[in-house]
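Here is a short report on one protein chain. Keep the structure in view as you read.

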Amino acid sequence: MVSIVVGGHYGDEGKGKIVSYLAVKDNPLYISRAGVGPNAGHTVYVEGKKYGLRMITCGFTNPNAQLLIGAGVLVDIPRLLEEIKMTDTDGRIFIDKRCTIIEQEHKDADKSANSKKIGTTGSGCGPANAARVNRTAKQAKDFSELKKYLVDVPQILNDAIDAGEEVLIEGTQGFGLSLYWGNYPYVTSKDTSASTAAADCGIGPTNIDKVYAIFKAYMSRVGEDPYIHYLTDDEINASPVFARLLKNADEKGLDGTGNQKIAKVLGEVGTVTGRPRKIGEFDYKLARYSAKINSATDICITCLDKLFPECFGAKEHSQLSTEALAHIKKIEDAVGVRATLISTGPDVNDVIDLRDGLD
Ligand code: GTP
Ligand code: IMP
Ligand code: MG
């Protein structure tokens with residue numbers, strides 16, 4: 001069985017957390033990172049320890065899994081080697097020999113006026129993808145320090161699929177950041193949908209069984225995008241849930257606009273850049289469109305506890321409050337796909353798993 005995890009909105013939906021849960025729960029033999037590159041920041045907490053990962057899949061939490069990076073993913077060599085050390089995964093992590101390598105010149109070019117306008121992560125991803133298209137980029141096989149990690153990812157994954165093994169693909173960013181489907185030019189340098197995540201790893205469309213589209217219970221965005229509507233002070237005050245967060249912020253003496261204050265209370269700060277994220281109400285229309293184009297079989301709702309603190313750490317559906325259940329139902333009705341995984345806290349085990357039906 002092949003499952004893909006993708007972001008349903010603008011990134012930072014908690015894909016890392018869901019991937020680490022599926023890695024342990026479904027015990028896949030191979031977990032492969034897809035997506036753009038080290039512009040992604042995925043955060044996972046395992047037994048209280050925080051990991052901020054930009055290159056290695058969050059599925060490292062399963063010590064029995066073999067970890068891969070697909071050919072479509074841009075690799076930052078120093079960052080990759082640092083994360084291999086940090087996660088102690090040497091010996092079970094391999095990358096496709098054809099991955100494009102990000103070089104210093106790409107990082108320098110990502111400081112241009114246009115990069116600033118878009119608010120890129122500055123990780124060199126856009127310029128490295130441009131170099132690949134221009135046929136001037138270098139590949140992983142051109143670097144001797146990567147020699148022991150090089151493999152043919154599509155061959156390994158397709159052999160595993162033929163043998164009936166479980167495979168998990170980790171996408172990055174979100175549907176609204178797609179080069180095709182997002183608010184161009186305020187987007188990343190590649191498509192971010194499930195089809196591209198599969199192609200990044202060399203898996204064809206007929207081999208995909210499940211697509212999990214991840215949505216946060218509210219919406220956040222880091223970087224620039226003048227087309228998104230962020231919550232105004234009036235809207236925050238008119239919503240009981242957001243007004244309560246604002247009150248918390250005021251009690252803590254946090255400063256800024258209403259939106260900045262609730263972003264701080266929600267802990268919405270960029271994993272890669274440290275920039276504050278901006279907060280929007282859940283965009284139901286975008287979520288429906290995104291689930292359709294991703295052909296989502298399941299949706300996952302994360303950070304439910306941040307809007308409804310009484311749900312923190314819940315592991316059973318029956319533990320959720322009436323307000324939280326109504327919020328989930330509204331999302332499911334609007335998107336037209338069942339929410340089968342509900343995340344109620346940052347820890348890998350804070351999940352209500354409804355894939356086998358209601359408990
Ligand atoms: P990108 O690929 O950058 O889009 O990353 P991502 O989707 O993996 O998300 P990221 O880790 O950047 O941000 C999600 C944040 O929410 C992290 O700090 C997680 O620890 C946290 N998180 C995820 N799920 C939950 C949850 O259910 N509750 C709480 N309280 N925090 C969560
Ligand atoms: P780039 O991918 O670094 O070129 O950035 C392009 C846009 O996508 C900017 O608005 C970034 O903030 C945004 N972006 C890129 N990667 C992520 C991510 O993983 N999470 C959230 N936003 C991202
Ligand atoms: Mg992130």
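## Overall build

Of the 359 residues of the protein chain, 55% count as buried. Buried means under 20% relative accessible area, exposed means over 50%, and partly exposed is in between (1.4 Å probe, protein chains only). The model is predicted: local features need pLDDT of at least 70, side-chain atom pairs count only at pLDDT 80 or more, and totals for chains, interfaces and linings use all residues. Residues are numbered from 1 along each chain as its sequence is written, chains are lettered from A and ligands numbered from 1 in the order in which they are written, and side-chain values use heavy atoms, with hydrogens and water left out.

The protein chain has 13 helices and 14 strands. These are DSSP runs numbered from the N terminus: helices are H or I with at least four residues, strands are E with at least two. The radius of gyration of the protein chain is 20 Å, close to the 21 Å from the globule rule for 359 residues, so the chain is as compact as a globular protein of that length. That radius is taken over C-alpha atoms, and the rule is 2.2 Å times the number of residues to the power 0.38. Along the principal axes, the C-alpha atoms fill a box of roughly 55 × 50 × 35 Å.

Contact means heavy atoms within 4.5 Å. Among contacts between residues at least 6 apart in sequence, 75% join residues at least 24 apart.

## Domains and cores

The chain is divided into domain 1 (2-216) and domain 2 (233-280). Such bounds come from an automatic or database domain assignment. Their centres, taken over C-alpha atoms, are 30 Å apart. Twelve residues from domain 1 and six residues from domain 2 make the contact.

A nonpolar core is a set of buried Ala, Val, Leu, Ile, Met, Phe, Trp, Tyr and Cys residues joined through side-chain atoms within 4.5 Å. The largest one has 57 residues. Leu157, Val167, Ile169, Ile203, Phe242 and Leu304 have the most contacts inside it. Each of domain 1 (2-216) and domain 2 (233-280) gives this core at least three residues. Another core, of 37 residues, lies apart from it; Cys58, Val73, Ile93 and Ala140 are among its members.

## Cysteines

How many disulfides does the structure hold? It holds zero. A disulfide here is a pair of cysteine sulfur atoms within 2.5 Å. Two cysteines show the spacing.

| Cysteine | Nearest cysteine sulfur | Distance | Relative accessibility |
|---|---|---|---|
| Cys58 | Cys303 | 14 Å | 0%, buried |
| Cys201 | Cys99 | 9.2 Å | 1%, buried |

For Cys201, the gap to Cys99 is too far for a bond.

## Magnesium site

Which protein donors does the magnesium ion (ligand 3) have? They are Asp12 (OD) and Gly41 (O), 2.0 to 2.2 Å from the ion. Donors are N, O and S atoms within 2.8 Å of the metal (3.2 Å for Na, K and Ca); water is not among the atoms, so sites may look incomplete. Asp12 sits in the loop between strand 1 (2-7) and helix 1 (15-25). Gly41 is in the loop between strand 2 (30-33) and strand 3 (42-46), and the two residues are 29 residues apart. Gly41 is buried, at 13% relative accessibility.

## A residue in helix 5

Arg132 lies in helix 5 (residues 125-133). Is Arg132 buried or partly exposed? At 34% relative accessibility, Arg132 counts as partly exposed. Leaving aside neighbours within four places in sequence, Arg132 is in contact with Arg98, Cys99, Thr100, Ala137 and Gln139.
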